[in-house]
Amino acid sequence: MHALIDNNPAIWRARDALQRRVPAQPTRHAALDAVLPGGGWPVGMLSEILAPQLGFGEFALLAPMLAERSRQGHRVVFVHPPCPPYAPTLAQHGIALDQVLLIDVAQERDALWASEQILASRTPAAVLVWVDAANERALRRLALAAEGGQSLAIAFRPLSAASTISPAALRVCLDAPDAPLRIIKARGLNCTLAQPLLVP
């Protein structure tokens, strides 16, 4: 009986989860890569960046990874951003402008739908979507669309969402522009951070 259970691939085991390597794209921030499972942003999974407002360091956090992805020929897709991406700043950070797409929609539900379609297409991309009121069901659809693909799915949400349930594999908080980065969830992380992680 135990042999049947041990050899059944459909049964999830906690010990296996700790040993399984999370597919990831390096963030290019050494302190962050050193602690994240897989050494970076999880690929084929949903991540969340939570901040009280735009401009709290989220672009500086992502720019090195976005530059690398764009150089590899992967699309960088901005979906429903609070303000349009500024081309000179993107270029300054090494992001290939010919790989950048902007999807500007009026409604958040349309932003979620567009993001879901891109992720489900299995075309390698970095999909960045800004959502304020997305519920767990909407986020789970995003997570399922990303699952098993080669894309990065990153949702920007209000800091107030930190206390809510989320299917995201990684959740980080930016409390203030110069404050430590807080990791509040990281699938595959087998230790608890004693204090917030400082990221330059």
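Contact here means that heavy atoms lie within 4.5 Å of each other. The structure is a predicted model. Its seven-stranded open sheet has mixed pairing, and helices H4 and H6 pack on that sheet. The largest nonpolar core holds 30 residues, and another core of 21 residues lies apart from it.

**The sheet**
- The strands of the open sheet follow the order E5-E4-E6-E7-E3-E8-E9.
- Strands E5 (100–103) and E9 (181–186) are the edge strands; each has a single partner strand, so one side of each has no neighbour in the sheet.
- From one strand to the next, the twist averages 20°.
- Five bridges join strand E8 (residues 170–174) to E9 in the antiparallel sense.
- Leucine 174 has leucine 181, in E9, as its bridge partner.

**Helices on the sheet**
- Helix H4 (residues 58–71) touches E3 (46–51), E4 (75–79), E6 (125–130), E7 (152–158), E8 and E9.
- The direction of H4 makes about 165° with that of E7.
- Helix H6 (residues 108–120) touches E4, E5, E6 and E7, and its direction makes about 170° with that of E6.

**Nonpolar cores**
- Within the largest core, Trp41, Ile49, Leu62, Leu66, Leu128 and Ile183 touch the most other members.
- At least two residues of this core come from each of helix H3 (30–35), E3, H4, E4, E6, E7, E8 and E9.
- H4 supplies the largest share, five residues.
- Leaving aside residues up to four places away in sequence, leucine 128 touches Leu62, Leu66, Val77, Phe78, Val79, Ile154 and Phe156.
- The separate core of 21 residues includes Ala138, Leu139, Leu142 and Ala143.

Conventions. Residues are numbered from 1 along each chain as its sequence is written. This is a predicted model: local features need pLDDT of at least 70, side-chain atom pairs count only at pLDDT 80 or more; totals for chains, interfaces and linings use all residues. Side-chain values use heavy atoms; hydrogens and water are left out. Two strands pair if DSSP finds at least two bridges between them. Helices (H or I, at least four residues) and strands (E, at least two) are DSSP runs, numbered from the N terminus. Axes are lines fitted to C-alpha atoms, for helices over the stretch in contact, and angles run from 0 to 180 degrees between N-to-C directions. A nonpolar core is a set of buried Ala, Val, Leu, Ile, Met, Phe, Trp, Tyr and Cys residues joined through side-chain atoms within 4.5 Å. Buried means under 20% relative accessible area, exposed over 50%, partly exposed in between (1.4 Å probe, protein chains only).
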